[in-house]
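Biologist: I'd love a close look at one part of this model, the site around the ligand and the strands that go with it. Which residues are closest to the ligand, and which strands give residues to the shell around it?

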Amino acid sequence: MKPLIDTHGRRIRYVRVSITDRCNLRCSYCMPPSGIEWIPHEQIMRYEEYLRIVRVCSLRGVDKVRVTGGEPLVRKGVTDFIQSVGEIEGIRDLSLTTNGLLLSSMARDLKTAGLNRLNISLDTLDRDKFIHITGVDAFDRVIAGIQAAVDAKFQPVKINVVALRGFNDDEIPSFAGLTSLYDVEVRFIELMPMGCATRYGDGEVIASPEIRSIIEERYGQLEEVKYDHGPARVYRIRGAQGRIGLIGAMSEQSFCSRCNRIRITANGYLRPCLFSEREIDLLTPMRNGISDSELETLIEQGVKSKKLNHGFCSGSSSASRQGCPTLMNTVGG
Ligand code: SAM
C-alpha cells in the first residue's frame with residue numbers, strides 16, 4: 001500500500017466528510033441568522049459517492065473517518081451511512097460531530113451501527129445564553145443528547161466549546177469542572193476566522209494558553225495526558241475522571257505540522273485544509289464516469305496541494321483576521 005503523503009512529509013490518514021450544509025441551529029459565529037443559500041440537492045453528494053471516496057482513500061492508508069456538516073444528524077439515512085462506512089475494510093476509527101439536538105433518539109442506533117466516537121458541540125451551560133448564541137431554544141435537548149451518548153457508552157464523549165470572551169469566558173471553569181464529575185473530554189476551541197466568525201474581533205478570541213491558565217487558577221496545575229495524535233493538547237485536572245483538550249488552531253505554532261487530514265465538502269470537493277480556498281472537484285468527474293484509479297489521482301493531487309501552514313495566526317492584524325470567507329457549515333467543522 002502506497003500511503004498518501006503530502007509535499008511536507010505529513011501522512012494523511014484521516015478524512016472528514018461533510019454530509020450536508022443544512023443545520024438546525026444558527027450559531028452566530030458560524031451561520032448568518034437570515035440563513036444562507038443552500039447547496040441545491042442535486043449538487044449534494046449521494047451516500048454512495050462518499051463511500052466510493054472513502055473506499056479509495058482507505059486503499060491508500062486512510063483509517064479514520066469523521067462525519068460532520070452542517071448538522072449531520074439532519075440528513076436522512078445517516079445511521080445506515082455510518083454502518084456502510086464502518087464496513088469499509090481498513091476503517092478503524094469512525095466518529096461524528098453533532099450539535100446534539102437530535103441525538104437523544106439516535107445515539108443508541110448510531111452506536112449499534114458502528115460509530116466509535118462522538119463530539120457534541122455546546123458553548124454554554126446557561127439556557128438563555130444558549131438561545132442567544134444558537135438562535136434556538138434547545139438547551140435541554142442537547143443535554144439529553146449528551147446523556148444519551150454517555151448511556152450508549154460512547155468512549156470518549158467529547159464536548160466542543162468555542163471560547164468567546166464576553167460570552168462564555170466566565171464558564172470556562174464550570175466546563176472544565178465537568179471532567180471531575182463525568183468521564184468526558186471537554187475541548188476548548190479557539191475561534192477561527194472563517195465565514196461569520198470574521199465579524200468577531202481579536203479581543204473576543206481566547207487563546208489556549210489563556211484558557212489553560214484560567215483553568216489552572218481554579219483547579220491547580222493540569223497534568224498533561226499522553227498525546228493521542230488529534231488536534232488537541234490533552235490535560236487532566238488532578239484526580240478527575242475526564243480530560244480537557246485545548247485546540248490551539250490559531251495560537252499553537254506546531255498545530256499544522258501534526259495535520260493528518262483532508263476534508264470532503266457536502267458538494268463533493270476535496271479541501272486540503274479547513275482554510276484553503278483551493279478545492280478539487282471530485283463530484284463532477286465521478287458523475288462523468290472516471291475510474292477509481294483516476295479518482296485516486298485526483299485525491300493524491302489534493303493531498304499534494306496541502307500547504308505547510310493554514311496562514312492565520314493569533315495576534316495577527318485585523319487585516320489577516322479578515323480571514324477565510326468560506327462558511328464552516330459547507331466545509332464541515
Ligand atoms: N453541526 C455540528 C456541530 O455543531 O458540532 C457539526 C458542524 S459544526 C461546523 C462543527 C464545530 O465547528 C462546532 O463545534 C462549531 O462550534 C465549530 N465551529 C464553527 N465555526 C467555528 C469557528 N469559526 N471557529 C471555531 N470553531 C467553529
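Modeller: Happy to. A polar contact here is a pair of N or O atoms within 3.5 Å. Please keep in mind that this is a predicted model.

With that cut-off, let's start at the ligand. Glutamate 71 has a polar side-chain atom 3.0 Å from a nitrogen atom of the ligand. Tyrosine 29 reaches an oxygen atom of the ligand with a polar side-chain atom, at 2.8 Å. Serine 121 places an N or O atom of its side chain 2.5 Å from an oxygen atom of the ligand. The protein buries 95% of the 550 Å² that the ligand exposes when taken alone. Strands E5 (93-98), E7 (157-163) and E8 (184-190) are the elements that each give two or more residues to the surrounding shell. That shell holds 19 residues, and the closest are Tyr29, Gly70, Glu71, Ser121 and Met192. Sorted by class, the shell has nine polar, eight nonpolar and two charged residues.

From here, E8 leads us to its neighbour. E8 pairs with E11 in the parallel sense, over five bridges, and isoleucine 189 has isoleucine 247 of E11 as its bridge partner. E11 (residues 243-247) is largely enclosed by the rest of the structure, because five of its five residues are buried. In a regular strand, side chains alternate between the two faces of the sheet. In E11, Ile244 and Leu246 point one way, while Arg243, Gly245 and Ile247 point the other way, and all are buried.

E11 also pairs with strand E10 (residues 233-236), this time in the antiparallel sense and over three bridges. There, arginine 233 stands opposite leucine 246 of E11. E10 and E11 form a hairpin with six residues between them, and in the turn glycine 239 has a positive phi of about 85°.

One last stop is the cysteines. The structure holds zero disulfides. Why is cysteine 196 unbonded? The closest cysteine sulfur, in cysteine 30, is 7.2 Å from the sulfur of cysteine 196, which is too far for a bond, since a disulfide needs two cysteine sulfur atoms within 2.5 Å. Cysteine 259 is in no disulfide either, as its nearest cysteine sulfur, that of cysteine 273, is 6.7 Å away. Cysteine 196 is also buried, with a relative accessible area of 10%.

Key: Residues numbered from 1 in each chain as written. Predicted model: local features only at pLDDT ≥ 70, side-chain atom pairs only at ≥ 80, totals over all residues. Heavy atoms only, no water. Buried < 20%, exposed > 50% of the residue type's maximum accessible area, 1.4 Å probe, protein only. Near = heavy atom within 4 Å. Polar contact = N/O pair within 3.5 Å; in protein donor to acceptor, adjacent residues only side chain to side chain. Areas by Shrake-Rupley, 256 points an atom, 1.4 Å probe, with all protein chains shown as cover. Helix = DSSP H or I, 4+ residues; strand = E, 2+ residues; numbered from the N terminus. Nonpolar A, V, L, I, M, F, W, Y, C, P; charged D, E, K, R; others polar. Pairing = 2+ DSSP bridges.
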